[in-house]
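Colleague: I would like to learn how to read a few features of a model, taking them one at a time. Could you give me the general idea each time, and then the case at hand?

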Amino acid sequence: MTKNVSVQTFIRALLVGISIISIITFAYIVSYSSLPLVYDYESELRIKEQNIEEEADLAKKNSDRCSLMNIAYNLCELKLCEKDHFLATHYLVDLFKIIDGQYSESQRVQLFLFAGNIYRDCGQYNNSVRSYQRALADLNTLQNQALSSQNKKNKAIVLNNLGTTYYLMAKSAPTKNERINNFYAAKDFFEMANNFLAKNETTYLNKTIEKNIQQCLIELRFID
């Protein structure tokens, strides 16, 4: 009698368990089917590119150089997001053609800083270094005219980005000596950048540069 009760109890518990599992499974299926579709980032990029191209056609018809400059900037960044490095640098060349020397020295700084960033993220480190060097040359001219705090900050930004390029070059260098030399070069540029910032400030830029210096020291300590 005890055995029969135990078997009946087991069967009843098993049926209840199956029912609960069925309910949970159904609820999961219903909830999953009601979720929104996965975000399609690539589709958004294609739509954005199409909109930019339409703006470009209109700007060309109206000979709107300012709009064409902004469009070239946007296309560079868009192609960089798509990891299409060939077209990213292609649109960068277009940007220089559109501007055609018609910019102030402060605009030149921003242009060469932007170019350095694009080339760096495309892995064209030599072109990146040249662009940052051009930006520094213009900043030196501006600083001789007026040594403002903004000019100091801009120089720190360019030097930091130049250091970042050498850091990336070090990480991908084929030989130990090249890695060591590039890490030291990166550290030197980060330290120069740090010298242009107020020591009592704790801005994001200050913290970034200090972390970059420490990272170079760590890399040099454990280099193979």
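**Helix packing, cysteines and salt bridges**

Modeller: Helix α3 and helix α4 (residues 85-99) pack with their axes 8 Å apart and at an angle of about 165°. This is a predicted model, in which local features need pLDDT of at least 70 and side-chain atom pairs count only at pLDDT 80 or more, while totals for chains, interfaces and linings use all residues. Residues are numbered from 1 along each chain as its sequence is written, and side-chain values use heavy atoms, with hydrogens and water left out.

Colleague: What do the angle and the axes of α3 and α4 refer to?

Modeller: Two packed helices are described by the angle between their axes and the distance between the axes. The axes are lines fitted to C-alpha atoms, for helices over the stretch in contact, and angles run from 0 to 180 degrees between N-to-C directions. Helices are DSSP runs of H or I with at least four residues, and strands are runs of E with at least two, numbered from the N terminus. Angles under 35 degrees count as roughly parallel, over 145 as roughly antiparallel, 65 to 115 as roughly perpendicular and the rest as oblique; α3 and α4 are therefore roughly antiparallel to each other.

Colleague: Is the crossing of α3 and α4 left-handed or right-handed?

Modeller: A crossing is left-handed if the near helix is turned anticlockwise from the far one by less than a right angle, and right-handed if clockwise. Here α3 passes α4 in a left-handed crossing.

Colleague: What span should helix α3 have?

Modeller: The expected span of a helix is 1.5 Å times one less than its number of residues. For the 17 residues of α3 (residues 65-81) this should give 24 Å, which agrees with its end C-alpha atoms being 24 Å apart. After α3 comes K83, with a positive phi near 60°.

Colleague: Which residues of α3 are buried?

Modeller: Buried means under 20% relative accessible area, exposed over 50%, and partly exposed in between (1.4 Å probe, protein chains only). The buried residues of α3 include L68, I71, L75, C76 and K79.

Colleague: How many disulfides does the structure hold?

Modeller: A disulfide is a covalent bond between the sulfur atoms of two cysteines. In the search, a disulfide is a pair of cysteine sulfur atoms within 2.5 Å, and the whole structure yields zero disulfides. C76 is in no disulfide, and the nearest cysteine sulfur, that of C122, is 8.6 Å away, too far for a bond. C76 is buried, with a relative accessible area of 0%, and C122 also counts as buried, at 11% relative accessibility.

Colleague: How many salt bridges does a search of the whole structure find?

Modeller: A salt bridge is a side-chain nitrogen of Lys or Arg within 4 Å of a carboxyl oxygen of Asp or Glu, and the search of the whole structure finds five. Among them, E82 meets K79 at 2.9 Å, N to O; E82 counts as partly exposed at 27% relative accessibility, whereas K79 counts as buried at 5%. Another joins D138 and R108 at 2.7 Å, N to O. D138 lies in helix α6 (residues 125-145) and R108 in helix α5 (residues 105-121), so this pair ties together parts that are 30 residues apart in sequence. Both D138 and R108 are buried.

Colleague: Which residue does R120 meet in a salt bridge?

Modeller: The side chain of R120 meets that of D121 at 3.0 Å, N to O. R120 counts as buried at 15% relative accessibility, while D121 counts as partly exposed at 38%.
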